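Morning, everyone. I have one structure to walk through today, and I will start with a pair of helices. Have a look at it first.

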Amino acid sequence: MEFRSYSMTETTLSSKMSYSPVVTQRAKMKKRGNNCNNNRPLSDEPQLRVAVVGDSSVGKSALSVRFLARRFLPEYAPAQELLYERQVAVDGHLIPLVVHDTASQVSSPSSIFQADGVLVLYSITNKRSFDTAKSYLEIIATEPGFHNLPTVLVGHKSDLQHLRQVAYTQAQQLAWDVGCSFYEVSSESGTESVDHVFHTLIRQVLASRQRRKLSSGSSKDRRQRSNSITSNLWRKTRAAILEKLRRSTL
Ligand SMILES: Nc1nc2c(ncn2[C@@H]2O[C@H](COP(=O)(O)OP(=O)(O)OP(=O)(O)O)[C@@H](O)[C@H]2O)c(=O)[nH]1
């Protein structure tokens, strides 16, 4: 997995990064290892890790890059897992954020275990990707290891209304059923709606941390808590996730 640290200004970032072809450019980025703890913390606020998950080609990379670099990725190049790091300002607070752009093969459910919050993406133009998103949400809602994990369902590519296969109300109902937020956005159309999605999730994570602090007096983050899950539960959950996702993509 590649790791990128973006503690630079957006202008510098945008001008330094060209995304075509994506994989070639990604390979040129400086490798920093896959352990976030190797890097200097960017502020006093604990690092906040967001996993972006979903079916192949739903726009996980496009959404991440739109948010972090204010650019749109027009081309499709299946990618390996990537970690991006940068500080973002939300409600006047600087948050050290790590965005985990996961691989489409759903090879790493551990990405969710390591996350403080999850963006579950589907494309409004692809019914199958909605079914996969549904599987993710069901797992997050039912598996004990993910209890109360802040999650946002994202119907992506909302600019492609003429190709729509998933009704807005259908996704809204799903989000209601599992108790998460839901937005339809387009990375192609601009930054505003994408910013809103990330900011909503970040706010939910911060609120959840606050609640945990109040209820337990502990400031341990989700990653630390996930480490306390017994290995048996971990193996069972991981197997269940892989099986459900495998079934949903057959
Ligand atoms: N019209 C439109 N196209 C989009 C949007 N977001 C992404 N795309 C396109 O969809 C294709 C796939 O986007 P990616 O970001 O590579 O998708 P991904 O989910 O990271 O794909 P994998 O790496 O296979 O997991 C690319 O051609 C993007 O340009 C969007 O909001 N609108």
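**Two helices side by side**

This is a predicted model. Start with α5 and helix α6, residues 168-178: their axes come within 10 Å and cross at roughly 10°. An angle under 35 degrees counts as roughly parallel, so α5 is roughly parallel to α6.

Which residues make the contact? From α5, they are K127, F130, K134, L137 and A141. From α6, they are Q170, A171, L174 and V178. Sort them by class and you get 6 nonpolar, 1 polar and 2 charged residues.

Now look at the spacing along a helix. An α-helix has 3.6 residues a turn, so residues three or four places apart point the same way.

Next, α5 by itself. Helix α5 covers residues 127-142, which is 16 residues. What span should we expect at 1.5 Å a residue? The answer is 22 Å, and the end C-alpha atoms are 23 Å apart, so the two agree.

The N-terminal end of α5 has a cap, and the residue is N126. A side-chain oxygen of N126 lies 2.9 Å from the backbone nitrogen of R128.

Which residues of α5 are buried? They are S129, F130, T132, A133, S135, Y136, L137, I139 and I140. Two of these, F130 and L137, also appear in the contact with α6.

E138 is in α5 too. Is E138 buried or partly exposed? Its relative accessible area is 38%, so E138 is partly exposed. E138 and V178 are 40 residues apart in sequence, yet their C-alpha atoms are 7.3 Å apart in space.

Now to a strand. V120 sits in β5, residues 117-123. V120 has 0% relative accessibility, so it counts as buried. What does V120 touch, leaving out residues up to four places away in sequence? On the list are A133, Y136, L137 and I140, among others. Those four are also among the buried residues of α5. V120 also touches V53, and T151, V152, L153 and V154. For L48, 72 residues from V120 along the chain, the C-alpha separation is 17 Å.

Last, the whole chain. The protein chain has 9 helices and 7 strands. Of its 250 residues, 51% count as buried. Take the contacts with a separation of 6 or more: residues 24 or more positions apart account for 76% of them.

That is the tour. Questions, please.

Notes: Residues numbered from 1 in each chain as written. Predicted model: local features only at pLDDT ≥ 70, side-chain atom pairs only at ≥ 80, totals over all residues. Heavy atoms only, no water. Expected span 1.5 Å × (residues − 1). Buried < 20%, exposed > 50% of the residue type's maximum accessible area, 1.4 Å probe, protein only. Polar contact = N/O pair within 3.5 Å; in protein donor to acceptor, adjacent residues only side chain to side chain. Axes fitted to C-alpha atoms, helices over the stretch in contact; angles between N-to-C directions. Parallel < 35°, antiparallel > 145°, perpendicular 65-115°, else oblique. Contact = heavy atoms within 4.5 Å. Nonpolar A, V, L, I, M, F, W, Y, C, P; charged D, E, K, R; others polar.
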